[in-house]
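Please work through the exercises below with the sequence and the structure open beside you, and try each task before you read its solution.

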Amino acid sequence: MPPADSTSADVPMIATQPPQQYDYSANLASDVFGANLFTGSFAREGATHFNPDYAVAVGDNIQVRFWGAFEYDAPLTVDPQGNIFVPHVGPLQVLGVRNQDLQRVVDSAVRRVYRANVYSYASLAAAQPVRVFVGGFVNRPGLYSGTSMDSLLHYLDQAGGIDVERGSFLGVQVKRANRTRATLNLYDFILEGRMPLIQLSDGDVIFVTPKQKGVKVAGLAANAKRFEFNSEGATVADLARLAKPMATATHVRVTRNTGTTLNVEYYPLADAARVPLRSGDTIEFTADKKQGTITVRVEGEHLSAQEYVVPYGTRLGTLMAKVRYNDRADKNSLQLFRQSIIARQKDMLDSTLKHLETSVLTARSGTQEEAQLRTEEAAMMLQWIDRAKSIQPSGQVLLAQADHIDRLLLENGDVIRIPAVDNLVLVSGEVMFPNTVALAADKDIEDYIATAGGYSQRADTSRIVIAHRDGSFEDTEASSGWFSEPDIRPGDEIMVLPAVDPKYRQVFKEFATMIYQMGLGARVFLK
């Protein structure tokens, strides 16, 4: 027969959680300002401590020590009459005595009996255990245990916190014998750290009053939450002190929920003090700013500053007139890279990939064998599409052959690059050894590809793209006639595209177009 204790060791322990765990999770996810106070942190028992103003109550334990001619060390409990019985001294009234005065009161009583050679010391040993009722609009009303020194938040947290839909964070009352001792505003604690210490007694009631008027804050605010207010004359300025608008906010949009009609009002943030609040309003802080100046970076072969702060609306020609080129600058191949173009190119690329993905997934097959082949091909195509989604376009603006380039408006964050005249040609893509080759007047496209080791087995020899520095492109397939081959300029890139297997009958056109667009937009090829 196994030992008695082995049975308990073999049975797994069942860990239970209090029902408040659901309330804590809901409070943490709530958009009500102050709800995240009640997530179980205050419900935990903390170390016993006493503030100097703590008033001794019935049931408290006071540690009393004597030494010298008479020695004594024991805890004394405050009886229902508010006394402690001190040996050889008698009953001593300590009810209501502040913690900081307790030593003086005890020592004074001892001195009346022992004139000399007896010394005393008194301190609070433990606060009175109490049971406090938590009622009103809390998640779990009930009777909760603690001590007289525990804060009001301790009991509210044990009750699962305030009901965010019905309870008020502005009106938390502490009652004793049908009399309201104090009314607390929890916003004071959240925003300013002010929490008055209220000494609770057995049978006290913490009552959460009904929710008052409410508004919702959105937009550029540090506290974009739902707030409560109780003043008839409250304004948006009063709300701003709670919501903390960000430094970028300049205006406020007020949506009035007036019955069956929604009315929208728009004010500068400076006028917030004269905009009244009404229950049900939605307040959105916005940034309504006009661009004053922009920054443009000029990189590459020049002798001037690289960063320029210019007025909004400055044109390319005006800026470039301030730039001093050096001897290596290629003035005819200016490159302009723009952040907004990157976003647009990325959107176009994603849209094309989405269309290609749809074509792959909806391709039909005539036989079962063909359907199996299509399934395998679709899996490979989808992997290729996932890789293609990670491509980041360059955002280059095509300046070649454009009319009135000098009149092009600049945008904030533009990067202008002045390339160097280096007489080099880059050969990339489906060649054996991608390389950089010196420009030679007697070489054509095939000569440069031969210098890079020739075509790879996956190359599409019928379509070769020439990428010029100024952002323009030419391809051999678009050239008309056998001898109309694009001219090779200094700094060009010869890109050999990969061939697409024609067995992808239904998606061949989309796939080939996709590869060509990626080559032009990002100069990247995925094998």
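The exercises that follow concern a predicted model, and each solution goes step by step.

**Exercise 1. A small sheet**

Task: Work out in which order the strands of the open sheet that contains β1 are arranged, and which strands lie at its edges.

Solution: Begin with the arrangement, which is an open sheet of 3 strands in the order β2-β1-β5, with antiparallel pairing. Next, look for strands that pair on one side only: these are β2, residues 72-77, and β5, and they are the edge strands. From one strand to the next, the twist averages 20°. Helix α3, made of residues 102-113, packs on this sheet and touches β1 and β5, and its direction makes about 145° with that of β5. Finally, follow one pairing in detail: β1, which covers residues 61-68, is joined to β2 over 6 bridges in the antiparallel sense, and phenylalanine 66 has tyrosine 72 in β2 as its bridge partner.

**Exercise 2. A surface patch**

Task: Find which residues make the nonpolar surface patch of about 330 Å², and decide whether tyrosine 121 is buried, partly exposed or exposed.

Solution: The patch is made by Trp67, Tyr119 and Tyr121. Of these residues, tyrosine 121 can be located in strand β5, which spans residues 118-126. Its relative accessibility is 41%, and because partly exposed residues lie between the limits of 20% and 50%, tyrosine 121 counts as partly exposed.

**Exercise 3. Two asparagines with positive phi**

Task: Determine where asparagine 178 and asparagine 423 lie, and explain why their phi values deserve a second look.

Solution: Start from the general expectation, which is that most residues other than glycine have a negative phi. Asparagine 178, although it is not a glycine, has a positive phi of about 65°. This residue is found in the loop between β8 (167-176) and β9 (179-184), and it is exposed, with a relative accessible area of 84%. Asparagine 423 also has a positive phi, near 55°, and it lies in the loop between β20 (415-418) and β21 (424-429). With a relative accessible area of 39%, asparagine 423 is partly exposed.

**Exercise 4. Sequence and space**

Task: State how many residues separate phenylalanine 473 and proline 486 in sequence, and what their distance in space is.

Solution: Locate phenylalanine 473 in strand β24, which covers residues 473-475, where it is partly exposed with a relative accessible area of 27%. Then compare its position with that of proline 486: the two are 13 residues apart in sequence and 9.8 Å apart in space, from C-alpha to C-alpha.

Technical notes:
Residues are numbered from 1 along each chain as its sequence is written. This is a predicted model: local features need pLDDT of at least 70, side-chain atom pairs count only at pLDDT 80 or more; totals for chains, interfaces and linings use all residues. Side-chain values use heavy atoms; hydrogens and water are left out. Patches are made of residues with over 30% relative accessible area and no salt bridge: like charges are joined within 9 Å, nonpolar side chains (Val, Leu, Ile, Met, Phe, Trp, Tyr) within 5 Å. Accessible areas come from the Shrake-Rupley method with a 1.4 Å probe; for residues, only the protein chains shown count as cover. A salt bridge is a side-chain nitrogen of Lys or Arg within 4 Å of a carboxyl oxygen of Asp or Glu. Helices (H or I, at least four residues) and strands (E, at least two) are DSSP runs, numbered from the N terminus. Buried means under 20% relative accessible area, exposed over 50%, partly exposed in between (1.4 Å probe, protein chains only). Two strands pair if DSSP finds at least two bridges between them. Axes are lines fitted to C-alpha atoms, for helices over the stretch in contact, and angles run from 0 to 180 degrees between N-to-C directions. Contact means heavy atoms within 4.5 Å.
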